[in-house]
Protein chains: 2
Amino acid sequence: MVQNMDIVIKDATIVTADAKGRVLKDHSIAVEDGRIVEIGERVKGEADHVIDGRGRLVMPGFVNAHTHLSMTLLRGVADDLPLMTWLNDHIWPIEANLNEDHIRAGADLGIAEMIRSGTTCFNDMYWHMETVAESVKKSGIRAALSTPLLDVMGPDQRGKLLREGEALIKRLRGHERITPFLGPHAPYTCSEELLLAVKDLHDKYGVGVHIHVSETKEEVENLKKDKGMRPFEYLEGIGFLHPGVVAAHSVWVSEVEMGIMKERGVKVAHNPVSNMKIAAGVAPVPEYLRRGIAVGLGTDGAASNNSLDMFEDLKIAALLHKSATGNPEAVPAEAALEMATIGGARALGLDGEIGSIEVGKKADIIMVDRKKPHLTPLTNPVSHLVYAARGGDVSHTIVDGRILMEEGRLATLDEEKVMAEAVRQTEDLLAKSGTSDRLF
Amino acid sequence: MVQNMDIVIKDATIVTADAKGRVLKDHSIAVEDGRIVEIGERVKGEADHVIDGRGRLVMPGFVNAHTHLSMTLLRGVADDLPLMTWLNDHIWPIEANLNEDHIRAGADLGIAEMIRSGTTCFNDMYWHMETVAESVKKSGIRAALSTPLLDVMGPDQRGKLLREGEALIKRLRGHERITPFLGPHAPYTCSEELLLAVKDLHDKYGVGVHIHVSETKEEVENLKKDKGMRPFEYLEGIGFLHPGVVAAHSVWVSEVEMGIMKERGVKVAHNPVSNMKIAAGVAPVPEYLRRGIAVGLGTDGAASNNSLDMFEDLKIAALLHKSATGNPEAVPAEAALEMATIGGARALGLDGEIGSIEVGKKADIIMVDRKKPHLTPLTNPVSHLVYAARGGDVSHTIVDGRILMEEGRLATLDEEKVMAEAVRQTEDLLAKSGTSDRLF
């Protein structure tokens, strides 16, 4: 009996991002029930959907390891400012007015942008996460979702947010494409009580923990004054760290702290564009990689990037560390691509399921059209993906074996409607914030 | 009598890059005989060609202030290596086999890529420049062209290249879209005799001078050992500097040298991506801008970038200097956009003709389709162009009042043929160099 596959991608150049970093020429991939079931020069059997891979580069979908998705509505409202001015005078006053309709519009817009530019999974921390979960379910993308936990306003805030965080875990766990996370915002916005409560919830539910750590030098200096320790030393001291912790940024980290991170299996979400734009500093990524600390790549929110295009962060990650260390061999193309795919999967604890193109893994796959002047001639496919390709070159995006974009057409979202609604909700949000003049 | 315009762009958002940095909403532009003749809310008269500007951002075409165009054939052949290894073991052995057919194929490929990503003028230094000039004439793009001058092999080489350089000036000057330049390669590859001969030719023909200066620290240290002076001090000492000099890179420059550059009116071509990739260092661009030294933006060759997409260098220029100085207000979006347009025009001495959208200037104009998720909502058009737009978003490219790309279709180049010929010539070049294995 001839087997009937759901999707076959035929005769493509495949950058697998597997442990050997294999790049396969003129190979095919068969997908069935959401998983990759065969990779070979020829694939047996028929398929419902055959995609011609000739002239295309196939790679695992990007894992965006750190973002605040619905901030797409705030793209470009304020740039080129010191972090605290940007937050205090621009972002926070607007965010105070965010409601579910804004969040839904921003999430749909961000998901459309991510599917277009080849991201198949993202790690989000933001408000109204139930609403974002609806957008994730509807669109077919994969996500790790957490609602921010903080208690700068005291125990009532802490209790309320912890209850919401726990409720989110209960409602979302078990979903095929959603991994609930706990989202303690940062050591400087969370009390020790809150951090310990997060550890308890982690132990109870086995979920991951998404936290900002050591983004700016000031924040580290303040914690040293307050606690007499650097952030990872403090987190280690209270027993907060474990392999489920994804520490976004991790820019200002000492040798001792890196030792702690390695020992505890802490993961890093590196955000080179956001760090550069805010002038936060340069994370010691070559040193993380040398020590075998898992590093994923993220865009951060669209208000501090201002794009969710992982191709940009991919190229800039490869460039930034060469420039910062003076070593042109730092973070070579292969290492950058690994961070953006399997590295992000490792950060989210999903590397058994996604992050590379291998038999048995979920079919989270993107295809890049290389029949373009800027991707010609084809010498090194990995070099082309890292240094020459752009988000707009993605022709197909497949998540969980389902085609979310085919030849540049979105299959699950009505893009015109999504954009119109995003404009409408941004107008509403800015009007509610008394800053309608920010729209052009 | 109703005037008949060649092109009218109607109802667009126009980022002018004029002296006031004006951004015009719902404005139209009329083009006649290659020049912008009117800008207003309404434009009088009929036009042969009306372009709907709604949903589009209009800006001056990019001026790529430093590249080696035909290196597009070497895109991705070698990456992530120290500069001298990259040159000695990879690039130079291949370049030794370059013939006119290779150069033509690489130039056509690079021009297709540039037109697609919104570059309307480029400053090129490479071999077989007569052939590149043919590609420029045929394609309709604008260029400043120079053949490299160096005499590391002695007076015979010097004499031969100087004769060729002078012949190129005589043949190309007066062409509507080509500005011949002199291309002394660098202070470390040119003797004092050669540099003085270049100065004489500049005085004789009034042409500009395109030279690499202070790209790497090693090169500065070597010149200090050799001449007892830093590069710009040395060039000043021999009377080489004047306002026609475009100094590519200018990374390692002292305060004293910046004083010299300002006094002599020397221009800078800044190449942030190439500098980062080669780990050459970070040029003191905020300081150049503070002193009023003209700075243009360049991609450098595609082998050290690996793209000719000025949108990337634009964003990365805005990011890099924030990161390198720790100041999030360094090189704001407006300053980066200025570098990429009117700054480049100033560097080439063409700012009276191109680089901004103003009545009387040449119609070198591009249009960006903003009806895309990653350019929604529209808050700040300049921010969107710098931080969110990509080369693939360009819908129209107009040079000298002629439409070279319309709705993503190239008008003057047969793109399929250009790409096929580039592959063929790369195969031939690599075979001649004994490194056919570099093609995937």
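This briefing describes how chain A and chain B meet in a predicted model. Local features are given where pLDDT is at least 70, side-chain atom pairs count only at pLDDT 80 or more, and totals for chains, interfaces and linings use all residues. Residues are numbered from 1 along each chain as its sequence is written, chains are lettered from A in the order in which they are written, and side-chain values use heavy atoms, with hydrogens and water left out.

**Extent of the interface**

- Chain A and chain B each bring 68 residues to the contact, where contact means heavy atoms within 4.5 Å.
- The two chains bury about 5,300 Å² between them, 65% of it on carbon and sulfur atoms; this is the accessible area (1.4 Å probe) lost on putting the two parts together, summed over both.

**Salt bridges**

- The rule finds 6 salt bridges across the interface, each being a side-chain nitrogen of Lys or Arg within 4 Å of a carboxyl oxygen of Asp or Glu.
- B:Arg390 forms a salt bridge with A:Asp309, and their closest N and O atoms are 2.9 Å apart.

**Symmetry**

- A turn of 180 degrees with a shift of 0.0 Å along the axis lays chain A on chain B with an RMSD of 0.0 Å, the copies being superposed by least squares on the C-alpha atoms of residues with pLDDT of at least 70 in both.
- That is the relation of a two-fold axis.
- In chain A, the C-alpha nearest the axis belongs to A:Gly392, at 3.0 Å from it.
- The same surface serves both copies, since 100% of the contact residues of chain A recur in chain B.
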